[in-house]
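Visitor: I'm new to this structure and could use a close look at one part of it. Could you pick a starting point and walk me outward from there?

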Amino acid sequence: MKRLSSLDDLAIFGARRLFATPRPIGQLDVPDPDTYLALLRTAFEARCLTGGDIVRTLEARLAERHRTRHCVAVANAGLGLMMLMRIFSRGRAGEIIMPGFTFRGLPHFARWAGLTPRYCDVRPDTHGLDPGEVEASVGPTTVAILAVCNANSPGDIDGLCAVAAAHGLPIFFDSVYGLAATYRGRPLGGYGQAEVFSLHATKLLNGFEGGYITTDDDGLAETLRRQRQFPPRAGCADPADAHPLGLNAMLNEMHGAMALCCLDGLGAVIERNRTRYRAYERVCAPLPGLDLLPYLDEGCEARNYCMAILSVDNSLPLSRDQVLGALRAEGCAINSYYSPPLHRTGSASLSLPVTDELAARFVQLPVGERVSLEDIARIGEVLSLLAARGEEIAARLDEAGQ
Amino acid sequence: MKLEDLALFGASPAFRSPLRATAPTMPEWRKVEATFRAIFARGYFANHGPAVTAFEREFADFLEIDHVVAVTNETIALMVLARALDRPGETLVPAFAPPATGQALAWASMKPRVCDVSPGSGCLTTDLAARAADRTVAILGFHAWGRQCDPDGRLQDLSDRLGVPLIFDASDALGCKDRGRSLAQFGLAAIFSFHETGQLNGGEGGCIVTRDGALAAQLRTLRNFHGQETPGREVSARLNGKMSEAQAALASIGLQDMTGAIGANQTRHAAWQSGLSGIPGLSLETPGAGETRNHHHAALVVDETVLGLPTRLLKHLLAAENVQCADRASWVADGDFPGARTHAGSRLMLPNGQGIGMNEVSRISDILRLAASHAGEIMARLDA
């Protein structure tokens, strides 16, 4: 294993990369193949890969975990968000309020539902929607509020729900990074009209690909269940008037079985995540200008530690993108975090100062089952070098025109 | 056999356990197990991994088409294709088509303009389409039962003349050919389904196929949030429509033996034909000259006036024997579409595919022959 002592040991300056196999930012939990195959076999014996017992069992277990009345499994989280948006819009044009600092897919989902995204600024600590900013963004054509629960904090859920209630607007949560996290001691899942979670392999709970919606609203759950298997005939001349507008969003049994198997190991996954996160904390603690983003309210609330986000301070002579580039060169298959922000991708000019500041600052560090504590120590050596000799590195990169 | 032998009149059913027309096509478990062990060994589960890449190539070879873009399921395939066409407006759709068609188009801001079909073929005809197509921005044809929807190329001519794309729902047409040419090659693009009840089981799953490289790049951009494959050209709205490694691996297993599976269907089709031969008023949906079909469905064509029994009574009579036929009555659009209504109303899908052998075919044929020869008596008994 390569030891880092001089700048020439860095891959950006031509040294051999630290990791021959890229270290990813996904959880990639894998259950025992035999356990999975035994469960999968029941689906093949029942000759049913869609609409079967496995997904029904998964839904029941997830509803129990989230302490909600309903869990509706879907083919992926994005489709779940599109379904909810379309239910709330009923096909009418209008605006949906969402954070400027979040996953770049969200505005696309809004467009599928016929809605226009209205980006709103976030809080500097939780990175979630700022209730005051939401209040100021509500207009005559606002259809719904889509809030995002981030890994580091679910955000000000009570504050946001109060704004929604005051305006009679539906509010729902993209809680893809909030599985197993709590708000005021209660698991995410039951807040707002509904919450959406992911079963993608790179997320906390691996179901190959998939997602689910949790809700306490019986009527909404029933509508979602009809919607996900395209209600056979809309019964009106124009399907766009149909409520709900259906699609095929069924989660198949192969994916459901994977999620069900991984669900048993979820506690252990979070424990390993926490251990990795603590290792990153130790690595980053002494480094000036490089900080690990904290999980808020750790003492009283549950967190899943699914991400390790590095914050690059302005005091560091290296830019965020230079830090990102240096780590990528070492074989870290990583990205910046929600950058560029959503309001910078369209044509409209909006001022979201907190979002802008956050979007310029973060790097996602490798996490998940493919990352060992040894790997984190190695990454720490790179970060130490970047922190200690930033000026020299910046100069050399400058010379090389990078 | 006499009438008292019918379960409808009290006899025990011909089959102890139900034979379903919509039974899924399942691959051999040992192949499934080996395939999934390989997925676990690779540790690659989603995001266009090696299994999806391999399946897209294998399916393109099988269909003799340039581009296959695999997605979550067939509805997503149509949503993605419609979005790629980026032509908000009215789309001509047949009054006999899979029920999700109109809704999938509506997600992409396309409004279906429903056009009646030929009662015989169940497909759009150029004459009907020409009358309805004046303001449409696209034409969607459906290769019903694997029948080439545009055998004389006139629908394509109409689409060229109007300058609007012609696309096909080919969910019934996997492996079907017209004068040796794969149906996947017709129109600008076509969509396929890998639902478990179809000819190729991918545990859901679907795809779009096209010869157009630029369109394929757009579709690949649209179906996910990974890299942009359409430099300089923004797509209006992307979604997550990815097929997983599990779905692709399962579909690959089915594809490996597709020639064998279609061969078995053809043998079964011949058995149905001989079993039903000479029964007045009953025939089988059968390919015309130059057509090759996959015969995934055995669609019984009922001429009620010749038979002397209503189709729904025949369905009921067979259900009593544990022969669960299916129909496509729910595939007919709301409104005044007599062609579609007649077509769907005169077709019953008999149990076919895995688990249906020559014995089952001949037994069911005998029941149908008995019913046909005693039609008047059956009606009289039921009236009484």
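Guide: Let's start with helix 6 (residues 157–167) of chain A, which lies across strand 4 and strand 5 of chain A and runs at about 145 degrees to strand 5. This is a predicted model, where local features need pLDDT of at least 70, side-chain atom pairs count only at pLDDT 80 or more, and totals for chains, interfaces and linings use all residues. Residues are numbered from 1 along each chain as its sequence is written, chains are lettered from A and ligands numbered from 1 in the order in which they are written, and side-chain values use heavy atoms, with hydrogens and water left out.

A few terms: helices (H or I, at least four residues) and strands (E, at least two) are DSSP runs numbered from the N terminus, and two strands pair if DSSP finds at least two bridges between them. Angles run from 0 to 180 degrees between N-to-C directions of axes fitted to C-alpha atoms, for helices over the stretch in contact.

Now, the sheet under helix 6. Strand 4 and strand 5 belong to an open sheet of 7 strands in chain A, in the order 1-9-8-5-4-2-3. Its pairing is mixed. At the edges sit strand 1 and strand 3 (115–120), each paired on one side only, and the twist from one strand to the next averages 25 degrees. Zoom in on strand 4 (residues 142–148) of chain A: strand 2 (residues 94–99) pairs with it in the parallel sense, over 3 bridges. One residue match there is A:Ile97, whose bridge partner in strand 4 is A:Ile145.

Helix 6 isn't alone on this sheet. Helix 3 of chain A lies across strands 1, 2, 3, 4, 5 (171–174), 8 (194–198) and 9 (211–215) of chain A, and its direction is at about 160 degrees to strand 8. Just before edge strand 1 (70–74), the loop that follows helix 2 (53–66) holds A:Arg67. Phi of A:Arg67 is near 55 degrees, a positive value in a residue other than glycine. Further along the chain, A:Pro340 sits in the loop between helix 10 (320–329) and helix 11 (353–359), and the peptide bond that leads to A:Pro340 from A:Ser339 is cis, with omega near 0 degrees.

Helix 3 also leads us to the second chain. Counting contact as heavy atoms within 4.5 Å, 56 residues of chain A touch 56 residues of chain B. The two chains bury about 4,700 Å² between them, 64% of it on carbon and sulfur atoms; that is accessible area (1.4 Å probe) lost on putting them together, summed over both. Across this interface there are 2 salt bridges, each a side-chain nitrogen of Lys or Arg within 4 Å of a carboxyl oxygen of Asp or Glu. On chain A's side, helix 1 (33–45), helix 3 (77–89), helix 4 (106–112) and helix 8 (253–264) each give two or more residues, and helix 1 supplies the largest share, 8 residues.

The whole structure has 44 salt bridges over all chains. In one of them, B:Arg37 meets A:Asp34, with the closest N and O atoms 2.7 Å apart. That pair crosses from helix 1 (residues 29–42) of chain B to helix 1 of chain A.

Over in chain B, 3 strands make an open antiparallel sheet in the order 11-13-15. Strand 11 (282–284) and strand 15 (347–350) stand at its edges with a single partner each, so one side of each has no neighbour in the sheet.
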